[in-house]
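Biologist: I am new to reading models like this one. Can we go through it with short questions and answers?

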Amino acid sequence: MAYGVKLHVWGDRACFTRPEMKVERVSYDVMTPSAARGILEAIHWKPAIRWAIDAIEVLKPIRFQSIRRNEVGSRVPTAAVRKAMKADAVEDLRMVVEENRQQRAATLLVDVAYVIHAHFELTERAGPGDSEAKHLSMFNRRAASGQCFQQPCLGVREFPANFALLEDGVAPVSELPPDQRDRDLGWMLLDIDHANDMTSLFFRAALRDGVMAVPPLNSVEVRS
Amino acid sequence: MTVLAALNGYYGRLADRGEVPPFGYSTERIAHIIVLSPDGEPVEILPWQSLSGKKSEPRPTAVPQSFKRPGTTPRSFFLWDNGKFVLGLGVDKVTRQRVAHPANHAAFQELHRRLLAGTEDAGLAALLRFLDGWSADRFDACGFTDAMLDQNFMFMLDGDRNDRGEPRFLHDRTAARRIWERAVAEGAGEEGICLVTGARQPIARLHPAIKGVMDAQSSGASIVSFNNDAFTSYGKEQGLNAPVSEAAAFGYGAALNALLARGSGNRLVIGDATTVFWADTSGGEESAQRAEVLFHDLLSPPAAEDADEAQAIRNALLPVSQGRPVREIAPELDERTRFYVLGLSPNIARLSVRFWLEDSFAAIAERVGRHWEDLRIDPAPWRTAPAVWMLLRETAPLGKTENIAPQLAGEVMRAILTGGRYPRSLLAAVIIRMRAGDPVNGVKAAICRACLNRDSRLGTKKTEEIPVSLNRDEANPAYRLGRLFAVLEGAQRAALGDVNASIRDRYFGAASATPASVFPMLLRNSNHHLAVLRKGDKPRLGGWFEGEIGQILGGLDSGFPRSLRIEDQGRFAIGYYHQRYSGKAAASTEQAVATEQTVSED
């Protein structure tokens, strides 16, 4: 992992929704690899590179809280969008939020902090001008100065993530209590395979001494 | 472990005890057994009844799973069904006449001839012969009666009994089980990875309905459901959004329904959160059951009938409140027993998980002990230990359970079980009740103390622990003002007796929030009360009040604060309670006992 990066992210709240409880949301105990990838991509991404998460280190005690909020229960159907495109008119393309209220509960994480260990690979779309060193220094420069394409978030948009590049590679001291450092996290979503009919990929997640190792996408540990 | 995986594991434990049907089977009320000879003759019709109360009823039995039968084409169940299907005969509801139902019987024949074709099992072969030989005119000769027809029949081979002499039914025979397993698998949907087991299995499209959560729909609500298109992702439909195998979905549903059943002993209703809990059997089945009973007692201590019983309960739970290890309370309990607690709240047709906790039982008991320790206050407002619902009731207008703020119950339970901070809204709710004129009783003062204590212990800014009983040297101004308020109220009562609106009724809220605007006036008025006492027949009492006021004011260095923060309003209430009830342990306990008896859990 010559081109590995380490990013410290933290925030007041986070919700990494479990697929089986995504309606009345319940968060996973730990940030998921796809959420970590989203944070990295918010800071630097080009078609020429693909981020891969190697490990996620948990720095704060795992604590939950539950809230209730109003959300929207439906979405604009694809057919309506198509019709609007064909008619070149958007008058009918609307949703009245007041008519589609859904009260939903969420059990989410409070006061989280992680170190994301990741690296990237060049994709087939990399041109002659793309080199790993170039993208690495771009990422490092952007992350160190706090630049991002959009505000990175902790699972859902409502919970923004703060981030800091660990340039010297020294992670902050973990406050994770000993009884939470090793635990089985069950089957966790690794990512969505968009190239392959949007298949969900899962892996068996576990914390070992406060670190969740993430298998590569094409390894045998990953099931779809 | 995840919620569903842990529930699925508990299903295994229930299945070992024989309390839940296996996958593909359901518990149905079966009334009669048709005993077949090997060549398919119905030898006799045995009643299969259970006694519930006075009358005997069809007995619930695990049989191949039933399904809903909408539409007009009859579909038969496997190896059991009612008279219309099994015998082709029913009783008309209006005329009370026996009527033939050839279509239903044909469906029964078709299903069994298809599934049992080529069977070598003696019992199943007998059933096929029975179907060949059956005709409606043999009805009376075989010992059937009209009264049987509306009820369910199942079959057994003559003399087929297990080691204990209990009848073994056709659907219990190994060959029948194997055929049914194959039939269930063929009807299953798309395969995929199961989130619970990790194996490739047929995925459940719809998840089981969970019954028994307070205030949820009585027909059942779902934990896993996708009933609006905003809830689905990537164009996936229903259960495919969260792939869980049919077997795992059946398992967690059966286990959760068993936990939520009335009288299961594994369920507590506290506020709007229905809590279920269970232990795993790493320490043995007995140890697991002991842990479950103990957990119930910890969060909802049994109501004592009399003083002796109260003492017994107190003695039993005392080691917990002192933070002693679990083996002193329940020596037969394996301390490493893993314990699971799940709090559920309804959201119309869905259930939301309010909290989920997995830990060793010893750790949980220790945290409950710490919770009691934080709540400790003198004089004690309860005889044994406070049940959680009793605390929450103090936050609700009119003391009604349904007025408890939503979310609060779940958050309080989470704080107790994880040892984390109590929700901020708990302290606020109690203070609002006191300012609104509810009596400032020991339970409310204890809640204030618990919230403040825990915050100071877990917070970054360490402050001193709140005293358990009256501390005359405590320098905190809010605490002192609370005491002062109690003294002024005492002086008024001693001088004037019961008045329509005492200074507590009128000024408690203002005094605890904005002392500077109230206390100078209260002190002026108290001069009058003290004068009445001095000139009347209680001059010594007047002197005592005067001395007490002096002692309290002497410790307040810089006048009255303009306003108090919510934490200080809590200290004010504690100081008030300490001063008001110190040395009156007996009276206050009497009062507490009275309230304990007037209220019972739902």
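Modeller: One definition comes before the rest: two strands count as paired if DSSP finds at least two bridges between them. Also keep in mind that this model is predicted.

Biologist: Then let me start with a sheet. Which residue stands opposite Leu344(B) in β16(B)?

Modeller: Strands of a sheet pair through backbone hydrogen bonds, either parallel or antiparallel. Here β15(B) and β16(B) pair in the antiparallel sense over 10 bridges. Opposite Leu344(B), in β16(B), is Val353(B).

Biologist: Which are the edge strands of that open sheet?

Modeller: The sheet has four strands, in the order β13-β14-β15-β16 of chain B, with antiparallel pairing. From one strand to the next, the twist averages 20°. An edge strand pairs on one side only, and in chain B that picks out β13 (267–270) and β16.

Biologist: Helices lie across the sheet too. At about what angle does α12(B) run to β16(B)?

Modeller: Take α1(B) before that: it lies across β14 (273–279), β15 and β16 of chain B, at about 55° to β14(B). The helix α12(B) lies across β13, β14, β15 and β16 of chain B. Its angle to β16(B) is about 10°.

Biologist: Now the two chains. How much area do chain B and chain A bury between them?

Modeller: The contact takes 37 residues from chain B and 36 residues from chain A. Carbon and sulfur atoms carry 52% of the buried area. The total is about 3,200 Å².

Biologist: Which three residues supply more than any others of the area that chain B buries against chain A?

Modeller: Their share is 19% of the area on chain B's side. No other three residues there supply as much. They are Ile193(B), Leu195(B) and Tyr234(B).

Biologist: Which residue of chain B forms a salt bridge with Glu24(A)?

Modeller: The count between chain B and chain A is one salt bridge. In it, the closest N and O atoms are 2.7 Å apart. The partner of Glu24(A) is Arg350(B).

Biologist: Which element gives the most to the side of chain B that touches chain A?

Modeller: Across the interface there are 17 residue pairs in polar contact. On chain B's side, α1 (3–17), β15 (338–347), β16 (350–360) and α12 (408–418) each supply at least two residues. That side has 18 nonpolar, 11 polar and eight charged residues. With five residues, the element that gives the most is β16(B).

Biologist: Over to chain A. How many residues apart are Arg183(A) and Asp29(A)?

Modeller: Chain A has three helices and nine strands. The salt bridge of Arg183(A) with Asp29(A) has its closest N and O atoms 2.7 Å apart. Arg183(A) is in strand β7 (residues 183–193), while Asp29(A) is in the loop between β2 (25–26) and α1 (33–43) of chain A. The pair links distant parts of the chain, and the separation is 154 residues.

Biologist: Last one. At roughly what angle do the axes of α10(B) and α14(B) cross?

Modeller: Two packed helices are described by the angle between their axes and the distance between the axes. The contact residues include Arg367(B) of α10(B) and Ala446(B) of α14(B), and by class they divide into four nonpolar, two polar and seven charged. The axes of α10 (residues 361–375) and α14 (residues 442–458) of chain B come within 7 Å. They cross at roughly 115°.

Note on methods: Residues are numbered from 1 along each chain as its sequence is written. Chains are lettered from A and ligands numbered from 1 in the order in which they are written. This is a predicted model: local features need pLDDT of at least 70, side-chain atom pairs count only at pLDDT 80 or more; totals for chains, interfaces and linings use all residues. Side-chain values use heavy atoms; hydrogens and water are left out. Contact means heavy atoms within 4.5 Å. Buried area is the accessible area (1.4 Å probe) that two parts lose on being put together, summed over both. A salt bridge is a side-chain nitrogen of Lys or Arg within 4 Å of a carboxyl oxygen of Asp or Glu. A polar contact is a pair of N or O atoms within 3.5 Å; within protein, one must be able to donate a hydrogen and the other to accept it, and residues adjacent in sequence count only if both atoms are side-chain atoms. Ala, Val, Leu, Ile, Met, Phe, Trp, Tyr, Cys and Pro count as nonpolar, Asp, Glu, Lys and Arg as charged, and the others, Gly among them, as polar. Axes are lines fitted to C-alpha atoms, for helices over the stretch in contact, and angles run from 0 to 180 degrees between N-to-C directions.
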